[in-house]
Each structure stands twice: as C-alpha cells, then as structure tokens.
Amino acid sequence: MEPQGGVAAFAGISPDFLKYPNLYSTYGTVETLTEIGIQVNDPDAIAEWIDSIQKEDGSYADRFNKAPPVLQTYWAVATLRSLGFSPKHPKRIVGFLESLREKSGLFAPGADVGGSTESQELFATDYAIRTLLTLNPSTDDWDGIEEMRTGCIPPLRSYIARRLNEVRPDMNRIETSDLLEAILTLARVDPALLPEGTDRFLQKCAGEVGTLHGSPMLFGEVNDLVDVLDRFSGISITQASLRSYVRKQVVPFFRPGKGNVGPVDPLLAYQAARLLKRSGLLDESITASLQEQMNRYRIEGGWITFVHPMPNVDSTCSAMVIARHIGFTGYDHQGVAEYFRRYIRSAGTGNASAWDVYCAVLGLKEMGQGLDSGTSKSLEKALSRISTTAKSRGLAEIALIGETLGWRFPNEMRDRFAQAARQAKGDMTPPNIKRLFDVVVLQKAAGRYVLSNEEVERYLNDLRSDRYGGFKISPDAPVSDVASTFSAVRIGKLLSLPMNQQERDSIFRFLASCKYDYGFGFVPLDSKYASEAGSDFSATAKAFLILELLGKP
C-alpha cells in the first residue's frame, strides 16, 4: 500500500516474487555492492543458486525474467566472477554462445529468436563478447573461441563506418546508443580496429555530457562512453563535465525527499554508483543508503525482485475485494476511500478510462462507502465526456457503473446502449466471452434485448472447458481462465440463468486448479500457460467474487 498525500492505494505483485531470488536483482546488487566496496555476505549460497539455474545448453534462465538468454547468461557469469567463483560448466556456455552466431558473424539474442533486427544483433553481440571476456577461456583449450571473437569484427567495422556518417552524436537518441554499443564491443576486442572517424564522433559525445539531462537510463550510456574513451589516448570527458552531470542527474537519484527513496532499481543503482565513483562524488551517506536498501531484499540465494509497482485503481479495487473476503482490516480505510474519490473527481476534468472509473466506484462499494455530492457530479461529468467517444466496450463499462450504483439511465443513453449492443452482437462470430459480456450488460441497461437467454446459453456452452472446467475466452482457446469464468458467471447472474450442481462443481474444480499458496492464478497450475510468477492480485479478487456469486463461502 502506497501513501500519496493523504490517500492510500495498492499495487499488485505476486508473493512468489518475494520468495525466490531474481537474477536481474542479484546481478545488479552484487555489482553495486562490489563497486562501492561493500562485502557481499554468504557468497557461496548465491553461487549455488546461480549454478542451479544453468540449463543443459549452457545458458542461464531465471523464471522471473523475460530478458534474452544471452543477457541472462552474462548476468550469471558476471555475478559469479564478482563473487570469486567460476561457472561449473564453462564449455557449455561457450557452446551456447556459438549456437547464437549468425552467418554475418554477429549474434542473436536467443537461439529461438528468428529474424533479429540489426539493433537486437548489436545488443546480443555486445553481451556475447562481454561473456566470453568474463570467462577468459584459453583459446588453446576451447575451439571456436577466437573465431567468435574475431568473426564479429568485419560486420561491426562495417556498421560503425556506415553509421558514423549518418548518426548525429546525441546521446538521448537510440541511434547514438546503438552506435556507441557497437564501438564499445569492437573496442573490447581490439580498439585499434575501430574505423577512421570514430575518435571525432566520440569527442563530440564527450563534449555534451556536462549538459545532458533526462532519464536515469542514460547512466549506462555515459558509463559506456567513458569505457570507450578509456581505450583511447587523447580523448576524455573532462572531470568538470562529468561532475556536473553526476551532480545534476545522479546524486538526486539517491537523495531523500526527491521521490527516489524507493526501492532503487539494482541495475540503475550499479550504473549510478559507477558514475559517482568515477566523479569522486560517492559519499558515505549514499553508500550507507544503498547498503541499507539492498539488505532489505536479500534472501539466502540472492536478492528478490526489487519492486516499487505503481499504485493503481484496478489493483486497489482488487485489494478491497480480497480484504472483504478474508476479513483484513489493517489498511488506511479513510486514505483508500479518498484515493477512489479523488480519482473520480479528477476523471471529471481530465483523461480517464471508463474501466478505471468503474473500479473506483466498485472499490467504494466494496468498502461500504458512498459518493458525496461533489464526487457524484464529477462522476456524471466524467461519464458524459467518456461516452462521447466510447465504443461498445467503453459503453458497457459505463453501464456497469450504472448497475453498481443502481442508476436508471435517460432514454438517449439507453438508445446508445441498445445500438452498441447490436454492434457487439455483430462481432460474436466466433463467440468471445468479452463481447458476449458486453452485449448482456448493454442490453440490460438499455432494456432492449438483442440476444435471448437461450442464445446466450448456447454461446456459453461453446465456451465451456470440458478438460479444466470453467470457461474460455473463445472456443479455440487452449485453456479456461479465471477472468473468462468470472464473466460467464456474472452473465448467468445478470440474466438469472439456471445452473445445476454439476456445472457449479465444474467451476469449483477449475478454481481449485488455479489455487496457489497465497491466492489464485488466471489459469490452472498444471497448464503450460500458467505464470511462473505465481498468484495474481486481479485473479485472486475475481476468484473470490466467483465463489461469492455461486454462494460458496
């Protein structure tokens, strides 16, 4: 729960993220602590965990990361090196990297990635070469190492020579970032091979560092530039320019009261720490702050996901549903209610989605709270504005708000609902639970029915899953899911459709198959589509609502 100036709100994250190490977090934290001179405790446990996530093909894969295999492999190897360990199967790593080589001599991000873009290949080549240099294998012992190192030279030289005449040295641009990455990769292999004109380009980039501003994502770009310049003689960023940039952009990243006291992103923290150290601005207070923050997220095998998810209306509404069902009261009731009301009031004057407005209204209802007159007027204003451009889905969400508040809409709005229901019905081939739900909600709000109960039941039968129980989003979907099942059960309640015990038991069986230790996921745990991240906030709230609609405590 996040306090926001007199209000309180929730953001969703699976508890499984807090139970297991995360390679991104572990790599970033180990590198940061090493950079600032702090000893990492119990390194053996971290090395053991990293060894456990190496795959047969030599790559490393952490289930909580979707990063390309070449990048995760570098994180693993670099972390082991910083802790004083070597990979247990280094030859497998080399074999994995060999499998990523393209005909051009560059590398692909992963063996299963087809048709990589030039930017992706430059990125993958950068991390493949970094990994090889970190392993530092003997070329006499391992065939293919030297070929991989030197095979990337011709395409890198060709790319750099071509782009030096096309790219403006502006470090806020992706084109400059790609070119710097290619230059740094080739410089790691042999800086003497960089094409003519590279020094002039780098000198221009170095000259603008003191005036750079923007996202912390530039921290890594500046470090890359310094790394390249370290391999040249006669070109450098002046200490005054570097200190100016670090004072303006990096130091505030760590200062309390600047909105950055948060969990610090571990990789950004590492890049920031490098810049602070290089500029001579790394002080004891920043070092202590980093150490204290990072210690919070350490578990035996490494560091859990550093999370600072943004609070939002949808998650806060889900939290209120869950809180009511489990009897949880340990949150700021007044702050959460005010958060919902403020959102509705702001929706009356700015951009807001009908769905989020609905979540705010439903959240208040879950708390047993109503709308004051000012919030009600803002709500009417927001819905009037949203309805002018809303399609069927948006109008259905407005109808849901009316149902939640017990409104009867004026005839003009009911005419729009009826028209939208007819349009949504026209999109029902093939059947889709979301469109079916929209039709049912719209036609009920309009008081004019375009689908009979018998037609709705036929659609629902097409969406049932015989294997898992529950309902699918479409007939050809591979597995049923909690969101679709919630929509189907709500349709049945809105139309008072009968449901026999066998059908109810099928839904209960489906929900049981989605149950984790700390809540529910969207699909059955034994399905290959189940999230490795574990339970989900929204899925858990919907599962509780399904049970409630079916009368099961």
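Asp42 sits in the loop between helix 1 and helix 2, and this residue is a good place to start a walk through the predicted model. Although Asp42 is not a glycine, its phi is positive, at about 50 degrees. Its relative accessibility is 42%, so Asp42 counts as partly exposed, the class between under 20% and over 50%.

**The model as a whole**

Before going further, here is some background on the prediction. The average pLDDT of the protein is 89, and 94% of the residues score at least 70. One stretch to treat separately is residues 257-262, where pLDDT stays under 50. For that stretch, the model has eight contacts beyond four places in sequence.

The protein has 24 helices and six strands. Its C-alpha trace spans about 80 × 50 × 50 Å along the principal axes. Of the 553 residues in the protein, 54% are buried. Among contacts between residues at least 6 apart in sequence, 70% join residues at least 24 apart.

**Helix 2 and its cover**

Right after the loop that holds Asp42, the chain enters helix 2, residues 43-52. Ala45, Ile46, Ala47, Trp49 and Ile50 are buried in this helix. The cover over these buried residues includes helix 1 and helix 3, together with strand 3 (298-299) and strand 4 (302-303).

**Two nonpolar cores**

In soluble globular proteins, nonpolar side chains tend to be buried together. Here the largest nonpolar core has 93 residues, and the members that touch the most others are Leu97 and Tyr245. Helix 3 provides the largest share of this core, with eight residues. A second, separate core holds 89 residues, including Tyr339, Ile386, Leu494 and Phe520.

Tyr245 is worth a look in your viewer. Leaving aside neighbours within four places in sequence, Tyr245 is in contact with Val209, Gly210, Leu212, Leu218, Phe219, Val222, Val250 and Leu275.

**Two pockets**

Rolling a probe the size of a water molecule over the atoms shows where empty space is left. The largest pocket has a volume of about 1000 Å³. Its lining counts 35 residues, and Tyr127, Arg130, Gly220, Asp224 and Gln271 are the closest to the centre. Two or more lining residues come from each of helix 1 (23-35), helix 3 (69-82), helix 5 (118-135), helix 8 (174-189), helix 10 (218-229) and helix 12 (266-279). Helix 5 gives the most, with seven residues. By class, this lining has 15 nonpolar, six polar and 14 charged residues.

The second largest pocket contains about 760 Å³ of space. Of its 33 lining residues, Trp355, Tyr358, Phe486, Arg490 and Lys542 lie nearest the centre. At least two residues of this lining are supplied by each of helix 14 (313-326), helix 16 (354-366), helix 18 (392-405), helix 20 (433-446), helix 22 (482-494) and helix 24 (537-549). The lining divides into 15 nonpolar, five polar and 13 charged residues.

**Loops with special backbone geometry**

Asp42 has company in the positive-phi category. Ser496, also a residue other than glycine, has a phi near 55 degrees. Ser496 lies in the loop between helix 22 and helix 23 (501-513). Ser496 counts as exposed because its relative accessibility is 61%, and exposed means over 50%.

Another backbone feature is a cis peptide bond, which joins Thr429 and Pro430 with omega at about 0 degrees. Pro430 belongs to the loop between helix 19 (411-426) and helix 20.

The table collects the accessibility of three residues.

| Residue | Relative accessible area | Class |
|---|---|---|
| Asp42 | 42% | partly exposed |
| Glu457 | 28% | partly exposed |
| Ser496 | 61% | exposed |

**A closer look at Glu457**

Glu457 is found in helix 21, residues 453-463. Is Glu457 buried or partly exposed? With a relative accessible area of 28%, Glu457 is partly exposed, because buried means under 20% and exposed over 50%. Not counting residues up to four places away in sequence, Glu457 touches Leu497 and Pro498. Ser318 is 139 residues away from Glu457 along the chain, and the C-alpha atoms of the two are separated by 28 Å.

Terms used:
Residues numbered from 1 in each chain as written. Heavy atoms only, no water. pLDDT = per-residue confidence, 0-100. Contact = heavy atoms within 4.5 Å. 1 Å grid on protein atoms, 1.4 Å probe; cavity = no way out; pocket = protein on both sides within 12 Å on 5 of 7 lines; lining within 4 Å. Points joined across faces, edges and corners; volume = space filled by probe spheres on them. Helix = DSSP H or I, 4+ residues; strand = E, 2+ residues; numbered from the N terminus. Nonpolar A, V, L, I, M, F, W, Y, C, P; charged D, E, K, R; others polar. Core = buried A, V, L, I, M, F, W, Y, C linked by side-chain atoms within 4.5 Å. Buried < 20%, exposed > 50% of the residue type's maximum accessible area, 1.4 Å probe, protein only.
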